[in-house]
Amino acid sequence: MDEKLLVRRAQAGDFEAFTDLIKAHKDRIYGLALRLSGNSQDAEDVVQDTFLKAIDKIDQFRLESSFGTWLYSIALNQARAMLARRKQEDLKPIEEYLPVRVAADDDSGGHGHGSHGLFEWKDPEKLLEDKELRQAIDKLIAELPYQYREAFLLRYDQGLSVKEIAAIINESEAATKSRILRARLALREKLSEIFETRYDREVS
């Protein structure tokens, strides 16, 4: 059934229509919440809070975006609130994430003097399907400062466009692109550090 029709029915009080809308996005919202929070219990709490909030606010949804985009916005707010309650460092600058010698010498995102050389591999998001590397990458993503982690996951784990992400996180498309790029560069730098150590290999 057409999504807009389902939304209008849900706004009129049709809970079955609301359930159908939720079913279409439940797994993706849970997947995002799990990767943002790092554990299943918090992810389930975020999902539950998201759906309760959506029920409360469905009459305020103006169909100016897709229902999924609107739902992602709510989920991110719930995840941020959860992390704030846990006093995690969601506003930590990305320089604190980078290897020490890079953070000390370079403020350009990891490309200046002093950064690790980079192995000739694909960008981190293209390695997500490689089982051998997945665990290491997941750990590094979980350590990204929150605002970079959510943008990276929305782009490469959830497959949203930059325009959609910008609308969800309430930033300009340029700022969103920059955030995603900095996350990619930071992950690449950290992976280079790991593999340089693992293989005791000189890189140029």
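**Notebook: an all-helix chain, α4 and E171**

**Confidence first.** I began with the scores of this predicted model: the chain averages a pLDDT of 80, and 75% of the residues score at least 70. I then looked for the weak spot and noted residues 106-115, where the pLDDT is below 50. That stretch still has 16 contacts in the model beyond near neighbours in sequence, and I will read those with the low score in mind.

**Overall make-up.** I counted elements next and got 10 helices and 0 strands. Walking from the N terminus, I just wrote α-α-α-α-α-α-α-α-α-α in the margin. Burial came after that: 44% of the 204 residues count as buried. For the surface, I have about 11,300 Å² exposed by the chain, with carbon and sulfur atoms supplying 46% of it. I also checked how far apart in sequence the contact partners lie. Taking contacts between residues at least 6 apart, 68% join residues at least 24 apart.

**Helix α4.** I picked α4, residues 40-57, for a closer look. Its 18 residues reach 25 Å from first C-alpha to last, close to the 26 Å expected at 1.5 Å a residue. Which residues of α4 are buried? My list reads D42, A43, V46, V47, T50, F51 and A54. These residues sit on the same side of α4, because they cover an arc of only 170° around the axis. I then asked what covers the buried residues of α4. The cover includes α2 (15-23), α3 (26-37) and α5 (67-85).

I finished this helix at its start. There, a side-chain oxygen of N39 reaches to within 3.2 Å of the backbone nitrogen of Q41.

**Residue E171.** My last stop was a loop, the one between α9 (162-169) and α10 (173-199), where E171 is found. Is E171 buried, partly exposed or exposed? I have E171 down as partly exposed, because its relative accessible area is 35%, which falls between the 20% limit for buried and the 50% limit for exposed. Leaving out residues up to four places away in sequence, I found E171 touching A166, T176 and R179. Of these partners, I looked further at R179: a polar contact of 3.1 Å joins the side chains of E171 and R179.

**To keep in view.** When I come back, I will start from the buried side of α4 and the E171 to R179 side-chain contact, and I will keep the pLDDT below 50 over residues 106-115 in mind.

Definitions and conventions
Residues are numbered from 1 along each chain as its sequence is written. Side-chain values use heavy atoms; hydrogens and water are left out. Helices (H or I, at least four residues) and strands (E, at least two) are DSSP runs, numbered from the N terminus. The expected span of a helix is 1.5 Å times one less than its number of residues. Buried means under 20% relative accessible area, exposed over 50%, partly exposed in between (1.4 Å probe, protein chains only). The arc is that of the directions from the helix axis to the C-beta atoms. Contact means heavy atoms within 4.5 Å. A polar contact is a pair of N or O atoms within 3.5 Å; within protein, one must be able to donate a hydrogen and the other to accept it, and residues adjacent in sequence count only if both atoms are side-chain atoms. pLDDT is the predictor's confidence in each residue, from 0 to 100. Accessible areas come from the Shrake-Rupley method with a 1.4 Å probe; for residues, only the protein chains shown count as cover.
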